[in-house]
Amino acid sequence: MANKQTNFIYHIHPEKVPASTIRFTHTFGLGGMALVLFLLQIVTGILLKFVYEPTPDKAYDSILFMQNHLLFGHYIRNIHHLSGTLLIFVALFHLLRVFFTEAFYGPRSSNWIIGVVIFIIILFSNFTGYLLPWDQLSYWAVTVVTQMLSYIPVVGPELTSFVRGGKEVGAATLLTFFNFHTAVLPFALIILLLFHFWKVRQAGGVVVPRNRNHNGKGIIPVVPELVVRELVTGLILLAVIFLLAVFIDAPLRERANPAYSPNPAKAPWYFLGIQELIMHFHPFIGVVIIPVTLFTLLFYLPCFPFRIRNTGIWFSSSKGRKMALISALLALVIHPILIVASEYLIHFNTWFPSLLPVISGGLFPLILYSIIFLLYLFYIIRRYKPLSNEIVQAVFVYFLVTYTVLSITAIFFRGPGMALMWPWKIS
Amino acid sequence: MKEETHKEVNEQAPGVESPGGRRNFIRKFWGWIGLIAGLEMTWVSLTFLNGGKKKKESSETSYTEIARAEDIPENSVFPYRAGRLYLCHLKDGGFLALSLRCTHLGCSIGWDKDQEEFRCPCHASRFSITGTVLNPPATRPLDIYPLKIDNGMIMVDLAHPAPRKSFNPGQETKA
Ligand code: HEM
Ligand code: HEM
Ligand code: FES
């Protein structure tokens, strides 16, 4: 019955799956799209490696050469850039899909943890790639981000010079980042993804709503139903990227100059939320305490003891949906106000000059912020009397919107000297 | 399935004399060998990676001539971008070689002549001519380079900028 090709497909897919799971809106095909993007990164990345040279004297010139003298050089670079950026979004949306359908329980819990690790590796793939063109943008972004590490207590300064391979970002940093970008991280991703796919099958495929049984008609064969859909999704995605890459150029500024920083000097956009955070909190709080707490909670998610699980149901329940919406709106209102207040009104640093900066510029704003957060939490609990998973979902949405607000502020509303200003005033 | 295999192993573990016990011992033995091999490989790799770096960073001090002391007026600064530092001539006649790197997140600072202070373009930290923080977010003063003056020639050890907690006059060098 099965010829060679379908035999191979059955290594990845089961023979039959529930019909409800192959509807596009069940997963939005996001996992498959992430895979297509990652494979595209490998193909274009290997092409780039034939031209790119990872030394400070040659890196920038090799990019210029690629862009100006190689047919399609610019185009390949654009694809690699665009697809890397999209990968962050697609992986994030995939993470959100999994989160909002509560697909992180029971047999899927280990896959959630693997997924979060994959997400972190994707961020660092983008970050290590960012340095490679060796222009002003990459040099200073990497300087700023690696310096953030130095605020980790005790090991921080050592860690910074370890990552940089010296006191400043230089030849050693470039070589290290290049090796991580083109060997260590892709290799780790491939291993983790194989594990990830195996775990999806081990859990019996993607989640289906609880209590729905599929004996009889609901089951359909994978070939051709699912496989054709996957191929179509993948091809459309590729077509969109190939088209956009003609118009959207990967950025390249002047050659890196360690003596002059551009004004403002910003981290890559996915880390800008953190840079915005340290405009308001002492770096130890903004770089270490807050991100570590949030990522720990994210890893810990499958272990939260929920009494009632609404696995497979979008947003858990209609109450859950309402709470998520309210949380998003509140976060959307509260944070711009807080940012403006902290910029112009609240200056714990200067009000308490005799205290340690970690206390006055770190602990005090953190306490103030926590009070506001607890008020919000108290409000939604009083108003909705929710289940624990509905609370977790609401808080998750709250912080998700918060990070988005912080990022948008730092990307669009910060001009020279990182001063707050309207986007159209920043030349 | 998986759980069952585990149970099997556990039940056999106490009976050391049984063939299962010996099999168990051999399995553990190979486990340990595997672990040792893994550790050894890690150690070898780390040593390899570290060795490459050590060579590039020399610990020797070597002073570079920067400028003649009499060429720099009091209460002014002289940028020496090649070495990424500012030579500061303080009011009391002392010299300091300050790193160009903002201690906040490492951008390069610029000297504002009118306000007589260093400004960082990145997050608006400001520093005095001694490198002391005037305005956060920076939390500690600018790093200093070792400096000496020989026959009126200012020399700086460019390889060894050092962090400090605060400014004190002992850090100055006088001509
Ligand atoms: C998850 C996978 C990957 C992501 C997210 C990613 C992302 C990036 C990014 C953002 C850049 C900077 C490009 C720019 O400035 O516009 C870059 C550059 C580069 N990447 Fe990747 N990459 C990935 C995988 C790979 C792989 C597997 C290779 C090769 C084996 C590779 C090779 C390169 C090279 C040689 C450059 C320098 C050329 C340039 O900057 O245009 N990448 N990557
Ligand atoms: C390159 C990155 C990734 C690829 C290629 C990938 C691929 C996939 C695929 C193909 C599926 C099958 C169902 C679907 O398409 O939604 C899946 C399911 C899953 N993924 Fe990912 N994934 C990636 C990243 C992540 C991340 C960042 C997370 C989040 C933490 C995650 C967590 C999960 C979980 C928990 C499932 C099971 C969901 C269910 O059973 O409904 N994955 N992944
Ligand atoms: S790097 Fe100088 S103020 Fe942030």
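Start with the shell around ligand 1, which in this predicted model is made up of eleven nonpolar, ten polar and two charged residues. Select ligand 1 and display its surroundings: 23 residues lie around ligand 1, and those that come nearest are Gln41(A), Arg77(A), His80(A), His81(A) and His181(A).

Three of the side chains to label here make polar contacts with nitrogen atoms of the ligand. For His181(A), an N or O atom of the side chain is 2.7 Å from a nitrogen atom of ligand 1. For His80(A), the corresponding separation between a side-chain N or O atom and a ligand nitrogen is 2.8 Å. The side chain of Gln41(A) also places an N or O atom 3.4 Å from a nitrogen atom of ligand 1. Now colour chain A by helix: α3, α5, α6 and α9 are the elements that give two or more residues to the shell around ligand 1. The largest share comes from α3(A), with seven residues.

Move next to ligand 2. Which residues are closest to ligand 2? They are His94(A), Arg97(A), Arg108(A), His196(A) and Val207(A), out of 24 residues that surround the ligand. By class, this shell divides into 15 nonpolar, seven polar and two charged residues.

Keep ligand 2 in view and draw three distances. An N or O atom in the side chain of Arg108(A) is 2.5 Å from an oxygen atom of ligand 2. From His94(A), a polar side-chain atom lies 2.8 Å from a nitrogen atom of ligand 2. At Gly31(A), show the backbone: an N or O atom there lies 3.4 Å from a ligand oxygen.

Then select the helices of chain A around ligand 2. Residues 30-49 are α3, 73-100 are α5, 109-131 are α6 and 171-202 are α9, and each of these helices supplies at least two residues of the shell. Which of the elements gives the most to this shell? That is α6(A), with six residues.

Stay on α6(A) and add α12(A), residues 283-300. The axes of the two helices come within 8 Å and cross at roughly 145 degrees. To see the contact, show Trp112(A), Ile113(A), Val116(A), Val117(A) and Ile120(A) on α6(A), together with Phe295(A), Leu298(A) and Phe299(A) on α12(A). This contact has eight nonpolar residues, with no polar and no charged ones.

For the last stop, bring chain B into view and select the contact between the chains. Chain A contributes 28 residues to the contact and chain B contributes 21. About 2200 Å² is buried between chain A and chain B, and carbon and sulfur atoms give 53% of that area.

How many salt bridges are counted between chain A and chain B? The count is one. To find the salt bridge, select Arg101(B) and Glu168(A), whose closest N and O atoms are 3.1 Å apart. Between the chains there are also five residue pairs in polar contact, counted with both residues at pLDDT 80 or more.

Finally, hide chain B and look at the side of chain A that touches chain B. Here α7 (136-149) and α11 (272-280) of chain A each supply at least two residues. The largest share, six residues, comes from α7(A). By class, this side of chain A has 16 nonpolar, ten polar and two charged residues.

Technical notes. Residues numbered from 1 in each chain as written. Chains lettered and ligands numbered in written order. Predicted model: local features only at pLDDT ≥ 70, side-chain atom pairs only at ≥ 80, totals over all residues. Heavy atoms only, no water. Near = heavy atom within 4 Å. Polar contact = N/O pair within 3.5 Å; in protein donor to acceptor, adjacent residues only side chain to side chain. Helix = DSSP H or I, 4+ residues; strand = E, 2+ residues; numbered from the N terminus. Nonpolar A, V, L, I, M, F, W, Y, C, P; charged D, E, K, R; others polar. Axes fitted to C-alpha atoms, helices over the stretch in contact; angles between N-to-C directions. Contact = heavy atoms within 4.5 Å. Buried area = accessible area lost by both parts, 1.4 Å probe. Salt bridge = Lys/Arg side-chain N within 4 Å of Asp/Glu carboxyl O.
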